[in-house]
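Student: I should like to go through the reasoning behind the terms applied to this structure. Could we begin once it is in view?

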Amino acid sequence: MPAAELDSYSLLLVYSAMAVYTLAFLAYAVDAARRSSVKAAPAESRELVGAGAAASVAGAAVPGRSSTPASSAPGRGDASATAPIAAAGRGARIGFTLTVLAWALHLGGAILRGLAAGRVPWSNMYEFAITGIAVMVGVFVLSRLWKDLNFLGVFFTGLATVFLGVATVNYYVAPTPLPPALQSYWLVIHVFVATLATGFFGLGTGLSILQLIKDRRDNGFLRSLPASAQLEDLAYRVGVIGFILWTFTLMAGAVWAEHAWGRYWGWDTKEVWTFVIWVVYAGYVHARATRGWRGSRSAWLQIIGFAAIIFNFTIVNQFFAGLHAYSGL
Amino acid sequence: MSPSSSPGPDAASAADTASANDPMRPGDHVDAPAPEPRSGSGPKLGIVGWLRFLWRQLTSMRTAIVLLLLLAVGAIPGSLVPQRSSDPNGVIQVRADNPDLVWFYDALSLHDVYGSPWFSAIYILLFTSLVGCVVPRLAHHWRAMRAKPPRTPARLSRLVGFQTVPGDASDLDRAEGALRKLGYRTARYGESISAERGYLRESGNLLFHIALLAMILVVGLGSGFGYNGQRLVVEGRSFANTLSSYDTFDSGQWFDDASLAPFSVQLDDLDVVYETENLNAIGAPLDFTAHVSVTEDGVSREAQIKVNEPLNVDGADLYLISNGYAPRISVRDAEGEVVYDEYTPFLAQDDNMTSLGVMKLPDGLAEQLGLRGFFYPTTGQLESGAFTSIYPDLANPVLSLQAFTGDLGLDAGVPRSVYALETDEMTQIAGGDSGTDALMLAPGQTVDIPGGLGTITFEDVRRYGVIDVHVDYTQTAVFWIAVTILVSLLGSLLIPRRRLWVKVAGGRLELAGLARGEDPTLERAVDDLAKRLAGDGAAAADAGRAGDPALGRPTAAGTGVAAPEVGRPTATGSGVAADDAGSAGSTGASGGTGTRE
Ligand code: HEM
């Protein structure tokens, strides 16, 4: 099939993915709205949970167990500290199914784009965007194997819809061959790991945002979420994986720069921003371990770090001069 | 959950957390003992007291965070304002465009952010803090690694994952063996075992911070010995690795000419491949390959340099940085004597290699002659009638020259760029407003210079490449330090550090754990140990738990019956034993509250 045709199918898949993401977003939103209309006294539900837990443990000798979720956060016990991650409602299940479907379409779109271009589909801004968002949603979808984070569905499907819209409208370019500077296996490694890191940071940021909201108020839909301290723990674990991947990205970038430009570090604009993001996340890791910074301050650092990534990708790519001029725009 | 970092007040009292074995942390670390409430009027601090106070401030976690954030913010201006190091032309441009702001740029070193006093101050403070933080921890960790695990707390029941399994003092040996096999260091205290693992977490953390320090030192000092020279070479020409043959040359402060390796490089051919089929990218470069002959110690060899494949010659790396066309132009005087015959490099102005070049002939003709012109590798015309290149390869090359006579300004002793022509003191005799058309030449053509000065011939055209010769003694070291940073970071963030205790109590064994640092898998570790100890005998106790298969216990040694082998490896499943327990509970709960849905 000629490249142009493959590319038009790719675009079609991406548009379909956008449509399905939108539906998934609606399903999640409806679910959230419905949950917020459920009025249940937290105390009552806590007891039910306790009873359920005890029942499922069948009286085994595990004193102290039922209180574990709260024990990590002395002095920060919310009313709902022991509330477990709520079981997914029907809306959330539909939302998740639609998200997986959209993700499959999206992934297909990215792969076709790669076939059309005859290389990895991440070498100009449009391609970074579609692949990056696919990886981000992928992290969310696959996190399901680890833990039910369906309450982030609204965040992720909303993000995916908006970002894909921006990407197709503002960044689309027809596939072109790789300029010599990009012809390197480092393109495959460095850029892919960067998008993977972004996926984890995105997940962590979603959790951090919810943590902040939950800290401030705890009603309606929010009550069905895990406790703020628990959200913070999850956000940290995900963020740390992102940080490791970002550290690798930075180093792989330096090795590549050394191959392509003859120096491993030259404070090129993109290098500056990669560094800034890395340092902000180092600050985040420290903040998590510092009295007085744990909690919402550290959450803000994760959010700022992610904002810097988005800024780096959009504004820096397009408007800042530098050697990394590969936006293709 | 993450029983992790702070075990909670109860556990704290039970386990007497701040044992000498703990990783040492700055005073404001979440694991450090809470500060004593400050009394309103303490004793006055002497000088030493003040210094100690300041040092403690500087080496606190809070300061590290603030300095890290300052470093991040401080790095940003360097991406907004052009930097001398990465964009010298941008610097000139900005200064020319904003003459009123030049003082401001200079006052804040905004063209030199990463070497500026204020940026240096931030990272020097940060690294001082780092040293102050790491050195005591290093000593402490050294001792802790040699020490025995701390005493078993009096009451285990308040600790994480507390449970009992059948057994008595005779099982302690077995327990100790199991713990050791799992990588714990163990010690006996009466009828109990105290075990600790994960010292590598702290080792990794320390190594990580030390490697950061090493990175700064190596980059800062090592780069002082290197150099970086650029040379434009036309095909068929060569240059030697000597100071005088470079067009531009930068070197570190300890650089010594004698360290220039004696080699020379000839550019035999520069192959450029352009896209010809993809309609969206006609003319996009696909490949640059410089075929070169390298001569070292009188021996020549052929080699090539590509954009992502530098060539190493005797410790120096050679990069192909850019390329362009160098038309060979000869000028004859009125008598037909050749007065000029050179390949003149033209600088590309756009993607299709429309190129601009300048020639200066102070001698040989009746008057000084200056030529400035465009070279179009594939000539086309804009709607305005102006010429332009429409494809970067040599399909229809044409040279168009404007000619000037008068004073080239070369005698004034003012250095002039070879790529710029000062025409203030000159009269245009061809092109522009001179009334005569610009001189248009295809390869092999000759035209008369207006005014009977002589003739100009466009002999042929070759490509040139700009080759960057780079010697950086830090490269290898920096690479290995980077690897160390990454590996130690992995260790420091992913290795759980924890204590486990096994204690004989009334005909049963009590087990419990305590995390030192972030450790989401602690509960699971205690459960796992319980399994190993319980063996078949405890299948009954397990049966209840087995109802929760989500707790994929990786090692169901000896449990055989009850626990389904989900086989999630501990590290990645990174589980959250307590969470999972929680969600198991929630299943029950939602059953109970099902009517709400
Ligand atoms: C150059 C600046 C620094 C960077 C980039 C940096 C980075 C990091 C990173 C990424 C971590 C988490 C990984 C690990 O545990 O090893 C960490 C942990 C840590 N850093 Fe730093 N650090 C810096 C300076 C400092 C300074 C000045 C201090 C002293 C106050 C410090 C004290 C610590 C401590 C105590 C931890 C362990 C935190 C925990 O318990 O989880 N660091 N640092």
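Tutor: This is a predicted model. To begin with the ligand, which of the 26 residues around the ligand come nearest?

Student: His286(A), His29(B), Cys133(B), His209(B) and Ser492(B) come nearest. What makes a residue count as near the ligand?

Tutor: A residue counts as near if one of its heavy atoms lies within 4 Å of the molecule. The shell around the ligand has 26 residues, and the ligand lies between chains A and B.

Student: Which residues coordinate the iron atom of the ligand, and what makes them donors?

Tutor: His286(A) and His209(B) coordinate the iron atom, each through NE2, at 2.0 Å. An N, O or S atom within 2.8 Å of the metal is a donor, and NE2 at 2.0 Å therefore meets that cut-off. The pair crosses between chains: His286(A) belongs to helix H9 (residues 269-288) of chain A, and His209(B) to helix H9 (residues 199-222) of chain B.

Student: Why is the arrangement around the iron atom called octahedral?

Tutor: Six donor atoms surround the iron atom of the ligand, and they subtend angles of 75 to 178°, which makes the arrangement octahedral. The term requires opposite donors to be over 155 degrees apart and all others to lie between 65 and 115. For comparison, the ideal angles for six octahedral donors are 90 or 180 degrees.

Student: Are the two coordinating histidines, His286(A) and His209(B), buried or exposed?

Tutor: Both His286(A) and His209(B) are buried; the term means under 20% relative accessible area, with protein chains only in the calculation.

Student: Which side chains place a polar atom at a short listed distance from the ligand, and what makes such a pair a polar contact?

Tutor: A polar side-chain atom of His286(A) is 2.4 Å from a nitrogen atom of the ligand, and one of His209(B) is 2.8 Å from a nitrogen atom of the ligand. For Asn205(B), the partner is an oxygen atom of the ligand, at 2.7 Å. The cut-off for a pair of N or O atoms is within 3.5 Å, so these pairs qualify.

Student: Which elements give two or more residues to the shell around the ligand?

Tutor: They are H9 of chain A and, from chain B, helix H3 (61-75), helix H7 (117-146), H9 and helix H10 (475-494). H7(B) provides the largest share, six residues. By class, the shell divides into 16 nonpolar, eight polar and two charged residues.

Student: How many helices and strands does each chain have?

Tutor: Chain A has ten helices and zero strands, whereas chain B has 14 helices and 24 strands. Of the 329 residues of chain A, 62% count as buried; of the 597 residues of chain B, 50% do.

Student: Why is Trp267(A) called buried?

Tutor: Its relative accessible area is 19%, and the term applies under 20%; Trp267(A) is therefore buried. Trp267(A) lies in the loop between helix H8 (228-261) and H9 of chain A, and has a positive phi of about 50° although it is not a glycine. Most residues other than glycine have a negative phi.

Student: Why is Ser109(B) also called buried?

Tutor: Ser109(B) has a relative accessible area of 19%, which is under the 20% cut-off and so counts as buried. Ser109(B) is found in the loop between helix H6 (102-107) and H7 of chain B, with a positive phi near 50°.

Note on methods:
Residues are numbered from 1 along each chain as its sequence is written. Chains are lettered from A and ligands numbered from 1 in the order in which they are written. This is a predicted model: local features need pLDDT of at least 70, side-chain atom pairs count only at pLDDT 80 or more; totals for chains, interfaces and linings use all residues. Side-chain values use heavy atoms; hydrogens and water are left out. Donors are N, O and S atoms within 2.8 Å of the metal (3.2 Å for Na, K and Ca); water is not among the atoms, so sites may look incomplete. Four donors count as tetrahedral if all angles lie between 85 and 135 degrees; four count as square planar and six as octahedral if opposite donors are over 155 degrees apart and all others between 65 and 115; anything else is irregular. Helices (H or I, at least four residues) and strands (E, at least two) are DSSP runs, numbered from the N terminus. Buried means under 20% relative accessible area, exposed over 50%, partly exposed in between (1.4 Å probe, protein chains only). A polar contact is a pair of N or O atoms within 3.5 Å; within protein, one must be able to donate a hydrogen and the other to accept it, and residues adjacent in sequence count only if both atoms are side-chain atoms. Ala, Val, Leu, Ile, Met, Phe, Trp, Tyr, Cys and Pro count as nonpolar, Asp, Glu, Lys and Arg as charged, and the others, Gly among them, as polar.
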